[in-house]
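Student: I'd like to go through this one with you, starting with the strands and then moving inward. Can you put it up?
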Amino acid sequence: MLFLFAGLVALAQIPNNLTSADKVYGLSKFWQEVNYNFVYINRVNRAKWDSTYRQLITTVQQTKNDYEYYRELQKFCALLKDGHTNIFLPPAIDTLLMRTVFGPYRLFMWNIDEKAIIACVNLSKKDEIPVGSEIIEVNGLSTKEYINKQIAPYISSSTDYILEDASIYLLLQGFKGDTYRLKIKKPNDEIFSLNVTHARSSETEVYPPAFNKEWKLFDFKWYDHQIAYLALNSFEDPKIDTLFINVLPELYKAKGLIIDLRNNGGGSTDIGTNILKYLTRDSLLYGPKQASRLHIPAYKAWGQYVKATDTINNAENKKKYLSFHDIYFYNFDYAPDTMRIKAGRIVVPTVILTSNNTGSAAEDFLIYADNQKHMIKMGEKTYGSTGQPLSFDLPGGGSARVCTKKDTYPDGREFVGFGIKPDIEVKQTLNDFIQNKDRGLDRAIEYLNGKMK
């Protein structure tokens with residue numbers, strides 16, 4: 001079963017406009033773009049990929065509505081296991097989906113200690129469902145079994161831990177009228193059952209209140225002993241560079257610095273390096289090496305007659321062989337970036353806080369900062385996905401993107417599919433969450449206090 005059966009109202013609202021031809025075209029368009037442009041095609045089981053495509057030609061034509069169709073595409077895409085290769089629902093469908101609202105209940109799930117933890121509830125339910133309670137069963141299945149059957153197969157992810165995070169985040173996503181039979185274990189180990197149904201909620205206050213705090217692109221504050229804290233929450237908006245420059249005169253007073261990238265999912269690498277250049281002692285910064293597939297049709301045609309042994313000491317045969325097997329790469333010219341600034345630099349003991357949400361251009365920021373001896377990374381492994389996606393439209397208002405560029409450390413070390421490991425690992429525990437304690441920030445302050453003695 002592709003998805004939980006929505007309530008009658010939601011079913012009536014779900015678009016059902018795509019023809020069989022539309023559905024096959026959209027499927028084939030995605031399959032084609034992956035075959036030509038996906039930079040990690042060499043990691044894909046091509047026999048399974050192609051056989052699944054053939055099966056789906058029939059399956060997609062039998063889908064009952066546009067949502068079912070897009071779910072099939074999402075499941076197909078998930079076979080590629082890449083966080084920068086995705087299928088996006090049409091807005092007309094996406095706006096109908098609900099995740100946290102169940103009429104009298106609001107439930108926000110978070111992955112803590114590999115468990116589906118209720119991290120936040122609406123204020124009126126804080127005693128009935130204490131923060132830190134665990135969802136242990138959904139619709140008669142253990143939470144893990146339910147995720148494996150109903151959630152994870154539709155999520156594109158480069159790493160297993162991000163797949164787990166996303167699965168728990170989307171655990172109860174559905175349409176108005178969808179009902180979920182839950183078993184919940186409270187922090188005191190008491191287990192109770194609760195049925196919830198997606199419906200609009202009029203209650204806006206949540207508990208704990210900090211969970212619903214206003215999102216900021218940039219945050220700056222001071223801690224004791226002249227420790228400056230900078231939260232760089234996105235590199236999408238170039239405005240963050242201006243916000244940083246505005247506080248630069250104050251930052252020169254810092255004896256220690258915390259750069260918080262835990263909520264930075266990326267954006268433009270240039271935006272990040274425009275900040276980093278003020279925080280390093282070097283004028284040359286070494287960013288990621290980049291490569292993309294190179295497709296020359298004639299080489300591919302010739303390559304079908306070339307054996308691996310024919311490539312020994314023969315550069316032309318090697319190009320043909322690699323082209324036929326879709327692993328002929330173009331390596332972009334590489335040189336360090338020269339960072340010239342007129343202002344002074346801030347080179348003090350620095351902690352960069354990372355989490356599973358630190359991704360893409362924020363991971364590039366970490367690569368540029370990798371050889372800075374006054375900087376350490378602290379927190380969790382990063383998202384483990386970056387690249388340059390090729391975006392295109394699909395029938396019915398949806399869209400897709402395919403990752404076309406491979407990034408590595410300058411020395412060739414790979415982080416896509418693995419994440420960047422912190423120098424000091426600090427994980428938020430369930431108890432930290434219940435007490436609304438930021439273990440990562442506390443550990444960073446403790447570390448810097450020790451360095452400044």
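Student: What is the strand order in the open sheet of six strands, and what kind of pairing does it have?
Tutor: Bearing in mind that this is a predicted model, the order is β10-β11-β12-β17-β18-β22, and the pairing is mixed. The edges are formed by β10 (218-223) and β22 (424-425), each of which pairs on one side only.

Student: Which helix packs on that sheet?
Tutor: That is α8, residues 239-251, which touches β10, β11 (227-232) and β12, and whose direction makes about 20 degrees with that of β10.

Student: And β12 with β17, parallel or antiparallel?
Tutor: Strand β12 (residues 256-260) runs parallel to β17 (residues 350-354), and the two are paired over four bridges; within β17, Thr 350 is the bridge partner of Leu 257.

Student: Moving inward, which residues touch the most other members of the largest nonpolar core?
Tutor: That core has 70 residues, and the ones touching the most other members are Phe 30, Phe 38, Leu 232, Phe 235, Phe 244, Leu 251 and Leu 279. Leaving aside residues up to four places away in sequence, Leu 251 touches Phe 220, Ala 228, Leu 230, Phe 244, Leu 257 and Ile 346. Another core, of 24 residues, lies apart from the largest one and includes Ala 152, Leu 171, Tyr 180 and Phe 192.

Student: New topic: how many disulfides does the structure hold?
Tutor: It holds zero disulfides. Cys 403, for instance, is in none, and the nearest cysteine sulfur, that of Cys 77, is 11 Å away.

Student: Is Cys 403 buried or exposed?
Tutor: Cys 403 counts as buried because its relative accessibility is 0%, and Cys 120 is likewise buried, with a relative accessible area of 0%.

How values were computed:
Residues are numbered from 1 along each chain as its sequence is written. This is a predicted model: local features need pLDDT of at least 70, side-chain atom pairs count only at pLDDT 80 or more; totals for chains, interfaces and linings use all residues. Side-chain values use heavy atoms; hydrogens and water are left out. A nonpolar core is a set of buried Ala, Val, Leu, Ile, Met, Phe, Trp, Tyr and Cys residues joined through side-chain atoms within 4.5 Å. Buried means under 20% relative accessible area, exposed over 50%, partly exposed in between (1.4 Å probe, protein chains only). Contact means heavy atoms within 4.5 Å. Two strands pair if DSSP finds at least two bridges between them. Axes are lines fitted to C-alpha atoms, for helices over the stretch in contact, and angles run from 0 to 180 degrees between N-to-C directions. A disulfide is a pair of cysteine sulfur atoms within 2.5 Å.
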